[in-house]
Amino acid sequence: MIEQEGIVSNIEGGFVCVKIVQNTACASCHANAACGISEQKEKIIEVPLSNQVFALGDVVLLTGSSSMGLQAVLYAFVLPIVLVFLSLIIISHFFESEELMAIFAISVLAIYYLTLYFLRDEFKKKFVFTVSKCLKQNL
């Protein structure tokens, strides 16, 4: 189960927008202040409203299935790498130019991510989080 605390930032159109803070692995390191590598990013997650009533500023818990995380890794990292290697293998049988092979592989990758972009509404239906109120009211 994937769980992340967040704060309700907007409510409109049957959706609640939850702001979460994404920390790098360095955030828990004792030397992160001196290192300067640690990074925090704020993300907004749009979740369909449930039967619960939310107000702006409520601390909530986003929940998703572990399989969603694995599928996201598959779409974002595994499939693109496989496509790049397959395209390099296939194009190397037709051309000997490394420049042409690189251009072809990057083109395949660009087309793949462009396709993901155009299918984002389908992915919104597939990757659905649930939201519930947290008992703890301070982040």
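Leaving aside its neighbours within four places in sequence, which residues is Val47 in contact with? I shall begin there, with the reminder that what we are looking at is a predicted model. The residues that Val47 contacts, beyond those sequence neighbours, are Gly14, Phe15, Val16, Leu62, Phe129, Thr130 and Val131.

Three of those partners, Val16, Leu62 and Val131, also appear with Val47 in the largest nonpolar core. That core has 9 residues in all, and its other members are Val8, Val18, Ile20, Phe54 and Val60. At least two residues of this core come from strand S2 (15–23), and at least two from S4. Strand S2 gives the most, with 3 residues. Apart from this core lies another, of 5 residues, including Met68, Leu116, Phe123 and Phe127. As a general point, nonpolar side chains in soluble globular proteins tend to be buried together.

I turn now to the nonpolar side chains at the surface. A patch of about 970 Å² is formed by Val73, Leu74, Phe77, Val78, Leu79, Val82, Leu86, Ile90, Phe94, Phe95 and Leu100. Helix H2, which covers residues 66–92, contributes the largest share of this patch, namely 8 residues. Val82 is found in that helix. Is Val82 buried or partly exposed? Its relative accessible area is 38%, so Val82 counts as partly exposed.

My last topic is the charged pairs. How many salt bridges does the structure hold? There are 2.

One of them joins Asp58 to Lys133, with the closest N and O atoms 3.8 Å apart. Asp58 sits in the loop between strand S3 (40–48) and strand S4 (59–64), while Lys133 belongs to strand S5 (residues 130–133), so this pair ties together parts that are 75 residues apart in sequence. The two partners may also be described by their accessibility. Asp58 has a relative accessible area of 15% and is therefore buried, the cut-off being under 20%. Lys133, at 43%, is partly exposed.

The other salt bridge brings together the side chains of Lys125 and Glu122, at 3.7 Å from N to O. Where do these two residues lie relative to each other? Both are in helix H4 (residues 120–126), and because they are 3 residues apart there, about one helical turn separates them. Lys125 is exposed, with a relative accessible area of 60%, and Glu122 is partly exposed at 47%.

Definitions and conventions. Residues are numbered from 1 along each chain as its sequence is written. This is a predicted model: local features need pLDDT of at least 70, side-chain atom pairs count only at pLDDT 80 or more; totals for chains, interfaces and linings use all residues. Side-chain values use heavy atoms; hydrogens and water are left out. Patches are made of residues with over 30% relative accessible area and no salt bridge: like charges are joined within 9 Å, nonpolar side chains (Val, Leu, Ile, Met, Phe, Trp, Tyr) within 5 Å. Accessible areas come from the Shrake-Rupley method with a 1.4 Å probe; for residues, only the protein chains shown count as cover. A salt bridge is a side-chain nitrogen of Lys or Arg within 4 Å of a carboxyl oxygen of Asp or Glu. Helices (H or I, at least four residues) and strands (E, at least two) are DSSP runs, numbered from the N terminus. Buried means under 20% relative accessible area, exposed over 50%, partly exposed in between (1.4 Å probe, protein chains only). A nonpolar core is a set of buried Ala, Val, Leu, Ile, Met, Phe, Trp, Tyr and Cys residues joined through side-chain atoms within 4.5 Å. Contact means heavy atoms within 4.5 Å.
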